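Biologist: I would like a close look at a single part of this model, its largest pocket. Please describe how the lining is made up and where in the chain the lining comes from.

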Amino acid sequence: KAVIVGVPLIGIVLAGVAAAQGGFAAAQSWRWLLVPVCLAGGLLAERYPVKIGPEQKVNLGALPSLLAVLLLPPGVGPATAAVSVLAGNRMVRRSWWESAFNAGNVLAAASLAALVGAIGTDLGTAQDARAAAAALIYVVVNLLVAVAPAALHSGRPYIALVKQVASASW
C-alpha cells in the first residue's frame, strides 16, 4: 500500500517542482487547445486499445501524454496527462487504487520529462535533442515505477522484472 500511495504523492511533488521551474505560460496561445485534445486522446486510447496480434493489445495512451508534456507548459502538461490516465482508468472500471497509482506514475514521469524537454518557441537541434531525451525519460521512468508493485506482490527480483518488461516493451 505504501507504493500505491507513495507514487501519486511523489508525482504531486515533482509536478510542483516542474510547475515552479517551468511555469504556466504557453509558448503559443493555440497550444491551450491541446488540453481537451490530449484528455480525449487519453480516454480514447484507454477505451480502444490497438490489436497487434492474437490475444495482444497495446494502449497508445503515451502518445497524448507525451504531446501534453512536450507542448503544454510544465505546470499544465503533466497534470493533463495524469488526469487523462485517471479518467481513462476509471472509465474502463479499474479500481481507485490502481487508477491513482497509474495516474501518479504518469504524473511523476511526465513532470521529470517536462523539466527536460518542454518545447518552447525556439526550434533547432538542441530543442529536438531535449524533446527526445524527455520522451526517453518519460518511458523509462514510467516503466521503472510500473514494475515496482508487480515485484513486491510476486516476490520476484525487481531487476529481473525490469529486464523482462523492458525487453517486451521495446
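Modeller: In this predicted model, the lining of the largest pocket divides into 14 nonpolar, 10 polar and three charged residues. These belong to a lining of 27 residues, and those that lie nearest the centre of the pocket are Asn59, Gly61, Ala62, Asn142 and Ala146. Two or more lining residues are given by each of the helices α2 (34-47), α3 (62-71), α4 (77-91), α5 (96-117), α6 (125-154) and α7 (158-169). Of these elements, α6 provides the largest share of the lining, with seven residues. The volume enclosed by this lining is about 980 Å³.

As to confidence, the chain has an average pLDDT of 92, and 99% of the residues score at least 70. The highest mean, 96, is found in α4, one of the helices that contribute to the pocket. Strand β2 (residues 56-58) has the lowest confidence, with a mean of 83.

Two loops deserve a note on backbone geometry. Most residues other than glycine have a negative phi. Glu55, in the loop between β1 (50-53) and β2, instead has a positive phi of about 60°. Its relative accessibility is 81%, so Glu55 counts as exposed. Arg93 lies in the loop between α4 and α5 and has a positive phi of about 65°, although Arg93 is not a glycine either. With a relative accessible area of 76%, Arg93 is exposed.

Regarding rings, a search of the whole structure finds zero aromatic pairs. Arg47, however, is placed over the face of Tyr48, at 5.0 Å from the ring centre.

Conventions: Residues are numbered from 1 along each chain as its sequence is written. This is a predicted model: local features need pLDDT of at least 70, side-chain atom pairs count only at pLDDT 80 or more; totals for chains, interfaces and linings use all residues. Side-chain values use heavy atoms; hydrogens and water are left out. On a 1 Å grid over the protein atoms alone, a cavity is a set of points where a 1.4 Å probe fits but cannot get out, and a pocket is an open set with protein on both sides within 12 Å along at least five of seven lines; lining residues have an atom within 4 Å of a point. Grid points are joined across faces, edges and corners, and a volume is the space filled by probe spheres set on the points. Helices (H or I, at least four residues) and strands (E, at least two) are DSSP runs, numbered from the N terminus. Ala, Val, Leu, Ile, Met, Phe, Trp, Tyr, Cys and Pro count as nonpolar, Asp, Glu, Lys and Arg as charged, and the others, Gly among them, as polar. Rings of Phe, Tyr and Trp (its six-membered ring) pair if their centres lie within 6.5 Å; planes under 30 degrees apart count as stacked, over 60 as edge-to-face and the rest as tilted. A charge sits over a ring if NZ of Lys or CZ of Arg is within 6 Å of the ring centre and within 35 degrees of the ring normal. pLDDT is the predictor's confidence in each residue, from 0 to 100. Buried means under 20% relative accessible area, exposed over 50%, partly exposed in between (1.4 Å probe, protein chains only).
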